[in-house]
Protein chains: 2
Amino acid sequence: MSIPDSPHAPRSLTDPLQALTEQERAELLTLQRLERRAKGEYLFRAGQPLERYYAVVEGCVRTYHLHDDEEFTLDFYTEGQTVLPAVAGKGIFAPSFAVCMEDCLLNVTDEQLEREVFARLPRLKDICQQQSEQLQLMHQQELAVQKSASPEQRYAHLLATRPSLFERVPQYQIASYLGIKPESLSRLRKRLQQN
Amino acid sequence: MSIPDSPHAPRSLTDPLQALTEQERAELLTLQRLERRAKGEYLFRAGQPLERYYAVVEGCVRTYHLHDDEEFTLDFYTEGQTVLPAVAGKGIFAPSFAVCMEDCLLNVTDEQLEREVFARLPRLKDICQQQSEQLQLMHQQELAVQKSASPEQRYAHLLATRPSLFERVPQYQIASYLGIKPESLSRLRKRLQQN
DNA sequence: TAGCCATCTTAACCAACGTCAATGAAAGCC
DNA sequence: GGCTTTCATTGACGTTGGTTAAGATGGCTA
């Protein structure tokens, strides 16, 4: 029995598709391309050209960054989230690695598909752009939190907003997401239990 | 004598206007709106609707975030940089404060002006969008550095890429940008001198 | 000039994280 | 079953940043 993530999770927004009619949504469904990826598969690696972008329909994707042979987890993406800001196209290169933590069902979009979708649903383009700007600002916010909160506060925040992550990914990767070592997360948890 | 910032500064990109013709650039100049702001003036405050966005032509703007009555500096914007990701419009609210560190000359764009500019220079829209996506990815990168580097490394990086900042803003704000207290920055500098 | 204010530095002490190493627990494999 | 591998925990110890408080410096103003 898994605790669902809070609707106030940092990445949850008003569903951008609400603005579409029933019919438009149905059409969108016929257009979208779904792909399965096995646990451990990479969606992209740092430095590669980004020709597609991905939304998680089912499963969990982790992005991370390498520095001195050490992994630094940037984010976890689960059901309904788009991996990275949805950015792809010529001259765009992946700034990080993205790997499936579980078997995943992904909604994949490339440049051509995007053009087709926007041609069929012109209103969607503006919606997506606004969505992207919102996400960008939320990212700013996240950076702010990252900077001003202690590891303990960040842990509490993650636990409150995305509890299900703790059942889906190993703790040492959560530690890396919080910006601390696994040993420190262990002690932090112990400290919190005692008080 | 001020040391110019490195061309490899985190926010420097290929000039998006290179792709325009001489003529188009000239037209752009006639369209843009410049405003002067005095040192200490705010461009926006957290929570306010963002109806304009700003590019720094001359001067320096600092964005920061409030948390428990304490300021956390998010970034410094100087000549040629756009304050925040260039985002404005209905339903967009400022996630932070933006204040002029010096008397500034700013390039101001609102929704209406943006429409006019894009109507005159249709190619610019795609260029700006691509630029925005690049910036978004660079932001991801920055978050990665923020997470994986020690304060000392971040200090060295800032000193290497944006040395002029150290002559333009007080050190306690740089400390706040690096995510440490002014006293710690003092000690850190002393440590580095001795080694 | 004296006084005030903002900024930077230094010192002492404490708390928290990193490192290294060892131990346990759980899962997967032969 | 026994083995290995992976992951979480614990302890000892060093380093570093936060806190508090005290000066030092320089600029500005009454």
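This section describes strand 4 of chain A, the hairpin that follows, and the interface of chain A and chain B in a predicted model.

Strand 4 of chain A spans residues 61-67, and 5 of these 7 residues are buried, so the strand is largely enclosed by the rest of the structure. Two strands of chain A pair with strand 4. Strand 5, residues 70-77, runs antiparallel to strand 4 and is joined to it by 7 bridges. Within this pairing, Y64(A) lies opposite T73(A) of strand 5. Strand 6, residues 97-100, also pairs with strand 4 in the antiparallel sense, here over 4 bridges. In strand 6, C100(A) is the residue that stands opposite V61(A).

Strand 4 and strand 5 of chain A form a hairpin with 2 residues between the strands. D68(A) is located in this loop. Most residues other than glycine have a negative phi. D68(A), which is not a glycine, has a positive phi of about 55 degrees. The residue is exposed, because its relative accessible area of 64% lies over the cut-off of 50%. In chain B, the loop between strand 4 (61-67) and strand 5 (70-77) contains D68(B). Phi of D68(B) is likewise positive, near 55 degrees, and this residue too is other than glycine. D68(B) is exposed, with a relative accessible area of 64%.

The contact of the two chains involves 34 residues from chain A and 34 residues from chain B. The size of an interface is often given as the accessible area lost when the parts come together. For chain A and chain B the buried area is about 3,400 Å², of which 60% is on carbon and sulfur atoms. No salt bridges are counted between the two chains. Polar contacts across the interface amount to 4 residue pairs, with both residues of each pair at pLDDT 80 or more.

On the side of chain A that touches chain B, at least two residues each are supplied by strand 4, strand 5, helix 3 (122-148) and helix 6 (171-178). Helix 3 of chain A provides the largest share of that side, with 15 residues. By class, the side of chain A in contact with chain B consists of 14 nonpolar, 17 polar and 3 charged residues. Strand 4 of chain A thus appears in both parts of this description: the strand pairs with strand 5 and with strand 6, and it is among the elements that supply residues to the side touching chain B.

Technical notes
Residues are numbered from 1 along each chain as its sequence is written. Chains are lettered from A and ligands numbered from 1 in the order in which they are written. This is a predicted model: local features need pLDDT of at least 70, side-chain atom pairs count only at pLDDT 80 or more; totals for chains, interfaces and linings use all residues. Side-chain values use heavy atoms; hydrogens and water are left out. Buried means under 20% relative accessible area, exposed over 50%, partly exposed in between (1.4 Å probe, protein chains only). Two strands pair if DSSP finds at least two bridges between them. Contact means heavy atoms within 4.5 Å. Buried area is the accessible area (1.4 Å probe) that two parts lose on being put together, summed over both. A salt bridge is a side-chain nitrogen of Lys or Arg within 4 Å of a carboxyl oxygen of Asp or Glu. A polar contact is a pair of N or O atoms within 3.5 Å; within protein, one must be able to donate a hydrogen and the other to accept it, and residues adjacent in sequence count only if both atoms are side-chain atoms. Ala, Val, Leu, Ile, Met, Phe, Trp, Tyr, Cys and Pro count as nonpolar, Asp, Glu, Lys and Arg as charged, and the others, Gly among them, as polar.
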